[in-house]
Amino acid sequence: MSGITEAAGTRGYRVAAGGRVGGTLTVPGDKSISHRALMLGALARGDTRVTGFLAGEDCLATARALGALGVRIERPHETTVLVHGAGEAGLSAPATALDLGNSGTAMRLMTGLLAPQRFDSTLVGDASLMRRPMQRVVVPLAMMGAQIHTREGRPPVEIRGTPHLRAIHYSLPVASAQVKSAVLLAGLAAAGETHVTEGTPSRDHTERMLGAFGVQLRHAGRTLVMAGGQPLRGTAVDVPADFSSAAFFLVAGCLAAPAGLTLTNIGVNPTRTGLLDLLRRMGADIRVHPRPRLTRAEPVADIEVRQSALTGITVTEAEVPLAIDEFPVFFVAAACARGETLVRGALELRVKESDRLAVMAAGLATLGVEHRLLPDGLWIRGAESLAGGRVASGGDHRIAMAFAVAALRARAPLEIEDVANVATSFPGFERTARAAGLGLEPL
Ligand code: S3P
């Protein structure tokens, strides 16, 4: 599968100041769900047909890695993927290290999937991924008997395949869907019942999708219980549009859509839509129109947003995981709100594709927004309007897109550096942004 996308050659964006957005838009498929559909499809018996697949660099990296493990994957259409399941014991040793590009999700979930295999494997990635913490998955997997080596907790991740893992009871020390998912993937191949307890809920796509593949899994309060050794049956996965990609246009709509803006077919799993609650608390006018569920595992809706005056809020620590990927654009909303916004308990933002607290704070400084960078969060005093200028994205897709939205309230054009990674999660962002009304051009 080829990974060429439109933004690959784009070094930066120049975004005109001010303007309006509107219309009816859709955004590409959900990244988290697309990764999982490929991985569970690979482990399943029989074929899995994935529609609405995100053909972004991150998911293509997962597809290539599974291909290197002997899984046959076809893409008859840009967003349709056919995974010919290899079955639980059907993967084969890769010839070289698996390169997972910019994707933390791919690396952490693949670590869980590869730990119980009969062969060894090594996982690497781009400069950003090679800096990210992997100890969080190594610790529980080692408790299961896995043998994994890292360089002081960071990639490369060297896995010595250990087919006889033991199920564990694990209480997640950080709210992380990636860690939960890595343990569940390893637990599929382990002897006994795996128990995973979450203090604060994180996205539950893995649990939902395991159910769709025929795996029995139960909830006992905050604990998930799954017996090892269950086979997966190939199925059809219809991936909704990614709420995290819709988020940029939800905020754009709050700032500059006097006649309204509608986003269609968006995944509205409650473990993902924390941003809706935060924006509503700030005074946003957002309406969610659910679509009929039929048989799909994930809820989907059209979301309508209309420009409104926003007021600053305090975000509690428990709200952070439910909006974890939306903070870059949430900070833009806060920068344009009346009054102060405070986010604490968001230490995780420092270990995403970039240090999102530091990179956002630097950009807000350029835009003339009063703010304070805290060890685990950010305090922001909203401004009437923002200065223009040149901001760094830190090579972070979501920060690049968040600052493109900020231009709607700027007095002068905004230049955003280093935007190639937008293609990891949102191929076609430039086109969609222009269709919405943003004056965005390659730099
Ligand atoms: C993801 C989980 C989150 C999120 C990431 C995708 C997933 O990470 O930030 O973009 O697909 O499981 P953590 O599990 O580290 O919070």
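Helices (H or I, at least four residues) and strands (E, at least two) are DSSP runs, numbered from the N terminus. The structure is a predicted model, in which local features need pLDDT of at least 70, side-chain atom pairs count only at pLDDT 80 or more, and totals for chains, interfaces and linings use all residues. Residues are numbered from 1 along each chain as its sequence is written, and side-chain values use heavy atoms, with hydrogens and water left out.

**Strand β9 and the loop before it**

- Strand β9 spans residues 154-160 and contains Pro156.
- Pro155 and Pro156 are joined by a cis peptide bond, with omega of about 5°.
- Glu152 is located in the loop between β8 (147-151) and β9.
- Although Glu152 is not a glycine, its phi is positive, at about 50°.

**Residues around the ligand**

- The ligand is surrounded by 13 residues, of which Ser32, Arg36, Ser176, Asp325 and Lys352 come nearest; a residue counts as near if one of its heavy atoms lies within 4 Å of the molecule.
- By class, this shell has 3 nonpolar, 4 polar and 6 charged residues. Ala, Val, Leu, Ile, Met, Phe, Trp, Tyr, Cys and Pro count as nonpolar, Asp, Glu, Lys and Arg as charged, and the others, Gly among them, as polar.
- Domain 1 (12-29 + 240-442) and domain 2 (31-237) each give at least three residues to the shell; the domain bounds come from an automatic or database domain assignment.

**Contacts and cover**

- In the side chain of Ser32, an N or O atom is 2.7 Å from an oxygen atom of the ligand.
- For Ser176, the corresponding distance from a side-chain N or O atom to a ligand oxygen atom is 2.8 Å.
- Lys352 has a polar side-chain atom 2.7 Å from an oxygen atom of the ligand.
- On its own, the ligand has 380 Å² of accessible area, and the protein covers 95% of this; such areas come from the Shrake-Rupley method with a 1.4 Å probe.

Terms used. Polar contact = N/O pair within 3.5 Å; in protein donor to acceptor, adjacent residues only side chain to side chain.
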